[in-house]
Amino acid sequence: MFERLPGFRDFYPDACAARNFVFRVWRQSARKFGFSEYDCPVLESLDLFREKSGNEIVEQLFAFTDKGGREVALRPEMTPSLARLVGARANSLKRPIKWFSIGEQFRYEKPQQGRLRSHYQLNADIFGEAGAAADAELMALCLDCMTSLGLGHGDIVLRLSDRKLWMLFLETQGLAGPMGEEILQVVDKVERRKREQSLARLESLVGLAAEPLLTDIEALAGIRKFDELTGFLSRKTSDSRLQASLEERFMEWADILETLRCMGWEDFLRIDLGIVRGLAYYTGFVYEVFPRQGEMRSLAAGGRYDGLIEKLGYAPMPAAGFGMGDVTLTILLEQMQLFPRLIEKPDLYGIFGGLKERAEAHTDIAALRKAGLAVEYPLRQVGFGRQFRLASASGARFALIYGSEEVGQGQVRLKDLLSGEELLVARQNLTDVVLRGMESGSLSGSA
């Protein structure tokens, strides 16, 4: 007896149908927004992830040395692989580059609610566009994916923040550069830590300035209105250069908020600078989508990462994107009973009088399948009554009935299993009649 490994999932047909439903909605949304699908190997050089995240990432990976002596890892995320793909052909790709993928990711960490060692993720990214319009487009796509699954503004919220604005604020306090990145790591955990823990960490960084700095951080993270945000930050400096930088950034904020308002997403948004995203490679707008109720992890997260392509050794290129995992999303959809009935059922079910009729029917069934229709039949010869019960239980719309009389006349009896309507059809016309019946929804519309 073998058991599934911890942190991994089996997908029985019902679970696989639910997963594929989510994938189908993701693809439909991405294509509506003009994104093209890509894919890349699940196994990559370990150095690719070291270069992006540092040596500490190794502890979180399924990493090993392969038979060729190479250090490799199962991908924990798609972004480094995507950056490799784009960087390698940057000169030949039409800008902006709008790509998406749906792939499996792996992390060697303790399995817990909403986080496993393997999950599937939608990634959508735009390369080659530095303006805020790209960020707004990605946020709109992210929300479209969720609303297409049945989630409304009463169910989810996109919490919008900005690492660039945080760095400008810290610069007004004389805390720019590497120190600023250290402080943002504190900000990222303020919501989840006790205040004294955040204060102690800030004291180790800025000494006696920690208390007033934490008070400002808490105030900034608590702002929900754009005019309050601009007023708070404008009051923090009299330096004309910093004021000009803040004003420029406020204009980009106004652009994003107005664009999303015009698209109809205003009710889904919350200004929330408590979100900074822990990964240091983010350089601008960042956001996470959460359920409005409960303590569930984020459903999606993303932001701008303009420096990553260059960090990996390629020519500089602006970039932004988001990832949406299937684990927490599936839990929420199940809790809210938003999955439709996902029964895999055939279009037609074959019923045979005997072995001779079964042999004749195989020719028609092959033709129907070549036409794209799903056809099932009993693999064992059983009585007519049993076959009709199997046909009804299968969920098929139509039954194909091959009795000795029908076959002798070159015909097949086509029965609508919903209405009970029947129609004798010449076998050479069967495929056309069935296709018309499937399209019209009745046999009367197929004649």
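A total of 34 salt bridges is found in the structure, which is a predicted model. One of these contacts joins the side chains of Asp144 and Lys32, with an N to O distance of 3.1 Å. Because Asp144 belongs to helix H4 (residues 132-147) and Lys32 to helix H1, the pair ties together parts that are 112 residues apart in sequence. The two partners differ in their exposure to the surroundings. Asp144 has a relative accessibility of 11% and therefore counts as buried, the limit being under 20%. Lys32, by contrast, reaches 55% and counts as exposed, the limit here being over 50%.

A second salt bridge is formed between the side chains of Asp272 and Arg159, at 2.6 Å from N to O. This pair likewise links distant parts of the chain, 113 residues apart: Asp272 is placed in the loop between strand S8 (269-271) and strand S9 (285-291), whereas Arg159 is part of strand S7 (residues 156-162). Both side chains belong to buried residues, the relative accessible area being 2% for Asp272 and 7% for Arg159.

A salt bridge within a single helix is provided by Arg249 and Glu252, whose closest N and O atoms are 2.7 Å apart. Both residues are located in helix H10 (residues 240-262); because they are 3 residues apart, about one helical turn separates them. Arg249 is buried, with a relative accessible area of 6%, while Glu252, at 23% relative accessibility, counts as partly exposed. Elsewhere, salt bridges with shared partners connect Arg159, Glu191, Arg224, Arg270 and Asp272 into one network. The pair Asp272 and Arg159 described above thus belongs to this network.

Strand S9, which follows the loop that holds Asp272, is largely enclosed by the rest of the structure, because 7 of its 7 residues are buried. Phe285, Tyr287, Val289 and Pro291 point one way from S9, and Val286, Glu288 and Phe290 point the other way. Burial applies to the residues of both groups, Glu288 included. S9 pairs with S7, the strand of Arg159, in the antiparallel sense over 7 bridges. Within this pairing, Pro291 of S9 is the bridge partner of Ile156. S9 is also joined to strand S10 (residues 300-304) by 4 bridges, again in an antiparallel arrangement. Here the bridge partner of Tyr287 is Gly302 in S10.

A separate group of 5 strands forms an open sheet with mixed pairing, in the order S13-S12-S14-S15-S16. Its edges are strand S13 (375-376) and strand S16 (422-426), each of which pairs on one side only. Inside the sheet, strand S12 (residues 348-352) and strand S14 (residues 398-402) run parallel and are joined by 5 bridges. Leu348 has Phe398 of S14 as its bridge partner.

The second largest pocket encloses about 290 Å³ of space. Its lining consists of 17 residues, and those nearest the centre of the pocket are Arg9, Phe11, Ala15, Thr330 and Glu334. Helix H1 (13-32) and helix H12 (326-335) each contribute at least two residues to this lining. H12 supplies the largest share, with 5 residues. Helix H1 thus takes part both in the lining of this pocket and, through Lys32, in the salt bridge to Asp144 of helix H4.

On the surface, Val42, Leu43 and Phe64 make up a nonpolar patch, which together presents about 230 Å² of accessible area. Phe64 is situated in strand S3 (residues 63-65) and, with a relative accessibility of 41%, counts as partly exposed.

Glu310 is located in helix H11 (residues 308-311). A relative accessible area of 47% places Glu310 among the partly exposed residues. The C-alpha atom of Glu310 is separated by 9.2 Å from that of Ala83, although the two residues are 227 residues apart along the chain.

Methods: Residues are numbered from 1 along each chain as its sequence is written. This is a predicted model: local features need pLDDT of at least 70, side-chain atom pairs count only at pLDDT 80 or more; totals for chains, interfaces and linings use all residues. Side-chain values use heavy atoms; hydrogens and water are left out. Patches are made of residues with over 30% relative accessible area and no salt bridge: like charges are joined within 9 Å, nonpolar side chains (Val, Leu, Ile, Met, Phe, Trp, Tyr) within 5 Å. Accessible areas come from the Shrake-Rupley method with a 1.4 Å probe; for residues, only the protein chains shown count as cover. A salt bridge is a side-chain nitrogen of Lys or Arg within 4 Å of a carboxyl oxygen of Asp or Glu. Buried means under 20% relative accessible area, exposed over 50%, partly exposed in between (1.4 Å probe, protein chains only). Two strands pair if DSSP finds at least two bridges between them. On a 1 Å grid over the protein atoms alone, a cavity is a set of points where a 1.4 Å probe fits but cannot get out, and a pocket is an open set with protein on both sides within 12 Å along at least five of seven lines; lining residues have an atom within 4 Å of a point. Grid points are joined across faces, edges and corners, and a volume is the space filled by probe spheres set on the points.
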